[in-house]
Amino acid sequence: MVYKALVAGANGIIGKALLEELAHTPGWEARGLSRRHGDIRADLTDGPQARKALEAAADCTHLFYAAYGPGGGLAEEDTRNAAMLRNLLDGLKCAGAPLKRVVLYQGAKVYGVHLGPVSTPFYEDENPRPIGPNFYFTQQRELQARHEAGGPEWTILRPDVVVGDAAGNAMNIATVIGAYAAICAADGAAFRFPGSCKTYDRCLAQVTDAHALARASLWAAISDTAAGQAFNYVHAPFRWRRIWEGVARHFGLTTGEPIPFSLAGHMPALAPVWDVIGRDLVQPDYAKAVGWGFGDFVFGTEADVVSDMTKIRLAGYAQDADPLAVLIGAIERQQHHGVIPRIGTCRKR
């Protein structure tokens, strides 16, 4: 039996890793869907256009939904992303696709971290729902309602701070760290953590490797124990000092104690450095290459962010990864593919 996968959000940090894993996994064939690039090109905010494009996915048995429509406040985000999933599912239904299961991705916003500090660890079935519009819950209700009406099964995976090597992703902390390290080295500056000492030394953080998440997704798509369930999927929690000093050792950088400052506010002044070290990148435009604001969000979190992993392990999935190795590997892959400059290749004298 061959499963026919459709990956929505094919050019994103999750979608890219999914397509790479599917390409060399026996028993799977995959198509990527995105707005501008991919095997199927569809604007999921446009129902009729999406329905026409999805005729090409009439044999789809599994949907991996990693698409996201950013922008606006929480209410607008909720409306837009709910409609995108609904239009995609309607299009597959109209095409007669024999869809068996949908794998959907949620983040820690499902536990309310966007509203303020939340008690941890996060448990999938114990944390009360936070107030306000939240497209994660709207999408989950959509999947549940369709399943109850005879539609496909669903499984939800909840990563946090996904680390990968997709170019142009504003929410990739490996891009932020790698670009910041390269600029520090070229400017002759120490590689100092741009958050508070509390975040650096006392708060626990977590990440999820995009390729590890992709492998977990293939399990989630066909495992009987995964049907109708939501699972946290993160790697072991860490304090930023360990990661920061490990990255510095690996790339031969000098560190120092943290200096809390806004990356989004300060790093644009380093554009002349980037113009020298980043001229041969796939995205040489400094303003578009790095999501400094995402770095501010991650490094400015002065509270533990820890998701419990018991549920997915008891369900039968236990593959894991070392977060330091994950970040170093992603930075090196991005250097190799010209997403960020190589560190230390143009050190200022």
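# Exercises on a predicted model

Glutamate 302 is partly exposed, with a relative accessible area of 41%. The model is predicted, so local features need pLDDT of at least 70 and side-chain atom pairs count only at pLDDT 80 or more, while totals for chains, interfaces and linings use all residues. Residues are numbered from 1 along each chain as its sequence is written, and side-chain values use heavy atoms, with hydrogens and water left out.

## Exercise 1: Place glutamate 302

Find the element that holds glutamate 302, and list what the residue touches.

Step 1. Apply the exposure classes: buried is under 20% relative accessible area, exposed is over 50%, and partly exposed is in between (1.4 Å probe, protein chains only). At 41%, glutamate 302 is partly exposed.

Step 2. Locate the residue. Glutamate 302 sits in the loop between α12 and α13 (310-314). Helices (H or I, at least four residues) and strands (E, at least two) are DSSP runs, numbered from the N terminus.

Step 3. List contacts, meaning heavy atoms within 4.5 Å. Not counting residues up to four places away in sequence, glutamate 302 touches Ser196, Lys198, Thr199 and Cys203.

Step 4. Check a C-alpha distance. Glutamate 302 and leucine 204 are 98 residues apart along the chain, with C-alpha atoms separated by 9.1 Å.

## Exercise 2: Test the length of helix α3

Compare the expected span of helix α3 with the distance between its end C-alpha atoms. Then find what its buried residues pack against.

Step 1. Take the rule: the expected span is 1.5 Å times one less than the number of residues.

Step 2. Apply the rule. Helix α3 (residues 74-94) has 21 residues and should span 30 Å; its end C-alpha atoms are 30 Å apart, so the two agree.

Step 3. Collect the buried residues of α3. Among them are Met84, Leu85, Leu88, Leu89 and Leu92. Polar names also appear, including Glu77, Asp78, Asn81 and Asn87.

Step 4. Find their partners. The buried residues of α3 pack against β1 (3-8), β2 (28-34), α2 (47-53), β4 (62-65), β5 (101-105) and α4 (135-148).

Step 5. Look just past the helix. There, glycine 96 takes a positive phi of about 80°.

## Exercise 3: Count the disulfides

How many disulfides does the model hold?

Step 1. Set the cut-off: a disulfide is a pair of cysteine sulfur atoms within 2.5 Å.

Step 2. Count. The result is 0 disulfides.

Step 3. Check cysteine 60. It is in no disulfide, and the nearest cysteine sulfur, that of cysteine 94, is 14 Å away. Cysteine 60 counts as buried because its relative accessibility is 1%.

Step 4. Check cysteine 94. Its relative accessible area is 55%, so cysteine 94 is exposed.

## Exercise 4: Dissect the largest nonpolar core

Which residues of the largest nonpolar core touch the most other members, and which helix gives the most to this core?

Step 1. Define the set: a nonpolar core joins buried Ala, Val, Leu, Ile, Met, Phe, Trp, Tyr and Cys residues through side-chain atoms within 4.5 Å.

Step 2. Rank the members. Of 50 residues, Ile173, Ile177, Phe191, Trp240, Trp292 and Phe299 touch the most other members.

Step 3. Assign helices. At least two residues each come from α5 (173-187), α8 (240-251), α10 (271-277), α11 (286-289), α12 (292-299) and α14 (323-336). Helix α5 gives the most, with 12 residues.

Step 4. Look for another core. A second, separate one has 31 residues and includes Leu18, Leu213, Trp219 and Ile312.

## Exercise 5: Classify two ring pairs

What is the geometry of the pair tyrosine 180 and tryptophan 244, and of the pair tryptophan 240 and phenylalanine 299?

Step 1. Set the criteria. Rings of Phe, Tyr and Trp (its six-membered ring) pair if their centres lie within 6.5 Å; planes under 30 degrees apart are stacked, over 60 edge-to-face, and the rest tilted. The structure holds 21 aromatic pairs.

Step 2. Classify tyrosine 180 and tryptophan 244. Their ring centres are 6.0 Å apart and their planes at 45°, so this pair is tilted. Tyrosine 180 is in helix α5 and tryptophan 244 in helix α8, 64 residues apart. Both are buried.

Step 3. Classify tryptophan 240 and phenylalanine 299. Their centres are 5.2 Å apart and their planes at 85°, so this pair is edge-to-face. Tryptophan 240 lies in helix α8 and phenylalanine 299 in helix α12, so the pair ties together parts 59 residues apart in sequence.

Step 4. Join the pairs. Ring pairs link a cluster that includes Tyr180, Trp240, Trp244 and Phe299.
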